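Visitor: I should like to learn how to read the features of a protein model. May we go through them one at a time?

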Amino acid sequence: PCSISGSVVINKPFQSGIVRVSEEYINSARIPATREVTSCGLPQDGNFSFTNLSPGKYTITAQSSYSSQGSLTYNYCAGGYYYYITIITTSWTKTLSLAPGEHTQIELRDGKEVCSQQIQYVNAPYIYYPRGYTYP
């Protein structure tokens, strides 16, 4: 069996993370063309290890996320309070091939960062009906 161990270089704090190992099918006509073989949570130190892998081509993907909550704001039109949640997701990817009995150590650097926002209402806003609208 083969194994992969390594570390993810993480420059920012994160709340959750995962490392996935996927492999390509030998028959490229399959959809999807890859399948997840194994995964584990991403620890704060960034170190991971996978053992008992078969020889083949693998893609290692690590992902971490961090979210923060903005200040509480009132929406007059909707009549409710809300706040923005900002989610920062960082991902790393590396593809490699393992020969029979090979033990590989890798380091994942320079992750790609994506930022997104969501609105979270504290209480459900009522539906605003303009003047002259007939209520259902």
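Guide: Let us begin with the salt bridge, which is a side-chain nitrogen of Lys or Arg within 4 Å of a carboxyl oxygen of Asp or Glu. Please keep in mind that this is a predicted model. Here Glu-23 forms a salt bridge with Arg-35, and their closest N and O atoms are 2.7 Å apart. The pair links distant parts of the chain, for Glu-23 belongs to strand β2 and Arg-35 to strand β3 (residues 34-41), 12 residues apart.

Visitor: Is Glu-23 buried or exposed?

Guide: The general idea is that a residue counts as buried when its relative accessible area is under 20% and as exposed when it is over 50%, with partly exposed in between. Glu-23 has a relative accessible area of 17%, so this residue is buried. Its partner Arg-35 has 37% and is therefore partly exposed.

Visitor: How many salt bridges does a search of the whole structure find?

Guide: The search finds 4 salt bridges. One of the salt bridges joins Glu-113 to Lys-12, with 3.1 Å between the closest N and O atoms. Glu-113 lies in strand β9 (residues 112-121), whereas Lys-12 lies in the loop between β1 and β2 (16-24), so this pair ties together parts that are 101 residues apart in sequence. Glu-113 is partly exposed at 43% relative accessible area, and Lys-12 is likewise partly exposed at 47%. A further salt bridge is formed by the side chains of Arg-109 and Glu-107, at 2.6 Å from N to O. Glu-107 is partly exposed, with a relative accessibility of 42%.

Visitor: Strands have been mentioned several times. How many helices and how many strands does the chain have?

Guide: The chain has 0 helices and 9 strands. Read along the sequence, its pattern is β-β-β-β-β-β-β-β-β.

Visitor: In what order do the strands of the open sheet stand?

Guide: The open sheet has 3 strands in the order β4-β1-β8, and the pairing is mixed. β4 and β8 stand at the edges with a single partner strand each, so one side of each has no neighbour in the sheet. From one strand to the next, the twist averages 15°. β1 and β8 pair in the parallel sense over 6 bridges. Within this arrangement, Ile-4 stands opposite Thr-104 in β8.

Visitor: What does Ser-7 touch, and in which strand is it found?

Guide: Ser-7 is found in strand β1 (residues 2-8). Leaving aside its neighbours within four places in sequence, Ser-7 is in contact with Gly-46, Asn-47, Phe-48, Ile-106, Glu-107 and Leu-108. Ser-7 counts as buried, because its relative accessibility is 17%.

Visitor: Phe-48 appears among those contacts. How should one read a pair of aromatic rings?

Guide: A pair of aromatic rings is described by the distance of the centres and the angle of the planes. In this structure a search finds 3 aromatic pairs. Among them, Phe-48 and Phe-50 form a tilted pair, with 5.9 Å from centre to centre and 45° between the planes. Both rings belong to buried residues: Phe-48 has a relative accessibility of 6%, and Phe-50 has 5%.

Visitor: Which residues have the most contacts inside the largest nonpolar core?

Guide: They are Ile-4, Phe-48, Ile-60 and Leu-108, in a core of 18 residues. The strands β1, β2, β4 (47-53), β5 (56-69), β7 (80-98) and β8 (103-108) each supply at least two residues of this core. If residues up to four places away in sequence are not counted, the contacts of Phe-48 include Ile-4, Val-19, Cys-40, Ile-60 and Leu-108.

Visitor: Where does Cys-40 lie, and what does it touch?

Guide: Cys-40 lies in strand β3. Not counting residues up to four places away in sequence, Cys-40 touches Ile-18, Val-19, Phe-48 and Phe-50. The C-alpha atoms of Cys-40 and Ile-18 are separated by 5.8 Å, although the two residues are 22 residues apart along the chain. With a relative accessibility of 25%, Cys-40 counts as partly exposed.

Visitor: What can be said of the chain as a whole?

Guide: Of the 136 residues in the chain, 27% are buried. Among contacts between residues at least 6 apart in sequence, 69% join residues at least 24 apart.

Conventions
Residues numbered from 1 in each chain as written. Predicted model: local features only at pLDDT ≥ 70, side-chain atom pairs only at ≥ 80, totals over all residues. Heavy atoms only, no water. Helix = DSSP H or I, 4+ residues; strand = E, 2+ residues; numbered from the N terminus. Buried < 20%, exposed > 50% of the residue type's maximum accessible area, 1.4 Å probe, protein only. Contact = heavy atoms within 4.5 Å. Phe/Tyr/Trp six-rings, centres within 6.5 Å; stacked < 30°, edge-to-face > 60°. Core = buried A, V, L, I, M, F, W, Y, C linked by side-chain atoms within 4.5 Å. Pairing = 2+ DSSP bridges. Axes fitted to C-alpha atoms, helices over the stretch in contact; angles between N-to-C directions.
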